[in-house]
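Q: Please take a close look at one part of this protein: the sheet, with the elements and the pocket that go with it. How is it put together?

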Amino acid sequence: MNRPVAGVAAGPRTVGRTAGTDAFIHRGHLPATDMRVRDWQDILEDVVESDADPGGWRAAGGDRASGIGEDLYFGHPSVGVFQVKTYARNPFEVQGVGAEVARKIDDDLDPLFPEEPGDGGMFGVQQPMEDESAAKDAATELEEVVQAHADAPTTPDALFEDVMDTLDSPAYGPMEYDQYGRPDRVEDLADTFEEAEQLLDSELDDLIDENVDRGFQ
């Protein structure tokens with residue numbers, strides 16, 4: 001089965017753990033009983049299948065507060081907030097876990113996500129092409145988009161949005177991201193969803209330990 005990717009690919013693992021009774025309630029957005037920790041690619045599939053406005057997504061990401069790997073938050077006003085934690089098992093495989101932590105972005109959560117690309121730029125989720133013919137058609141359309149922007153005044157953000165539209169991306173938008181550090185936004189989101197942060201940290205550490213133990217067998 002082809003799965004959506006946001007710059008990296010993941011290996012198979014599904015986690016079905018559910019949060020405790022009082023966990024993950026942010027001003028009543030998400031009942032604790034609905035919280036499930038799953039493979040991070042399953043979270044991306046939720047994003048892809050949401051049928052929300054593709055350009056309405058926003059994201060923030062950076063290093064984990066402790067341990068190897070990264071934290072990523074994806075948010076959409078009408079869909080909610082998703083958190084994933086990933087790490088590179090090897091140069092060709094990324095694994096991780098994630099969960100939905102809120103069912104909408106309210107006035108309290110809205111300032112925690114970037115409104116404009118800023119220093120972090122933009123992110124996009126890409127789906128695999130159906131076949132070679134579809135790939136050729138997309139390549140031709142992309143050439144036309146690039147040429148149109150070369151012939152007229154434009155901005156990098158406008159070009160990116162047109163490229164995402166051409167590729168029929170199901171989710172894209174501004175992202176604050178630091179591959180060498182931890183932006184304040186990520187820290188603020190982690191504080192806001194503190195119990196989710198703790199559970200996902202524990203699950204990712206278990207996953208890393210399992211892979212290390214398997215490597216010595």
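A: What follows goes through the sheet, then a helix, a pocket and a ring pair.

The model is predicted. Start with the strand order. The sheet is open and has 7 strands. Read across, they run S1-S5-S4-S3-S2-S7-S6, with mixed pairing. Two strands stand at the edges: S1, residues 38-39, and S6, residues 122-125. Each has a single partner strand, so one side of each is left without a neighbour in the sheet.

Take the S1 edge. Its pairing with S5 (residues 93-102) is antiparallel and covers 2 bridges. One residue to find here is Arg38, whose bridge partner in S5 is Gly98.

Now go to the S6 edge. Helix H3, residues 156-166, lies across S6 and S7. S7 spans 171-178. The angle between H3 and S6 is about 0°.

H3 and S7 come up again at a pocket. The second largest pocket has a volume of about 170 Å³. It is lined by 14 residues. Closest to the pocket centre are Gly55, Glu115, Met122, Glu161 and Pro174. The elements giving two or more residues to this lining are H3 and S7. S7 provides the largest share, 3 residues. By type, the lining has 6 nonpolar, 3 polar and 5 charged residues.

Last, the aromatic rings. The structure holds 3 aromatic pairs. One of them joins Trp57 and Phe82. Their ring centres are 6.3 Å apart. Their planes meet at 40°, so this pair counts as tilted. Trp57 sits in the loop between helix H1 (40-48) and strand S2 (58-63). Phe82 belongs to strand S4, residues 80-90. The two positions are 25 residues apart in sequence, so the pair ties together separate parts of the chain.

To retrace the path: S1 and S6 are the edges, H3 lies across S6 and S7, and H3 and S7 both contribute to the lining of the second largest pocket.

Methods
Residues numbered from 1 in each chain as written. Predicted model: local features only at pLDDT ≥ 70, side-chain atom pairs only at ≥ 80, totals over all residues. Heavy atoms only, no water. Pairing = 2+ DSSP bridges. Helix = DSSP H or I, 4+ residues; strand = E, 2+ residues; numbered from the N terminus. Contact = heavy atoms within 4.5 Å. Axes fitted to C-alpha atoms, helices over the stretch in contact; angles between N-to-C directions. 1 Å grid on protein atoms, 1.4 Å probe; cavity = no way out; pocket = protein on both sides within 12 Å on 5 of 7 lines; lining within 4 Å. Points joined across faces, edges and corners; volume = space filled by probe spheres on them. Nonpolar A, V, L, I, M, F, W, Y, C, P; charged D, E, K, R; others polar. Phe/Tyr/Trp six-rings, centres within 6.5 Å; stacked < 30°, edge-to-face > 60°.
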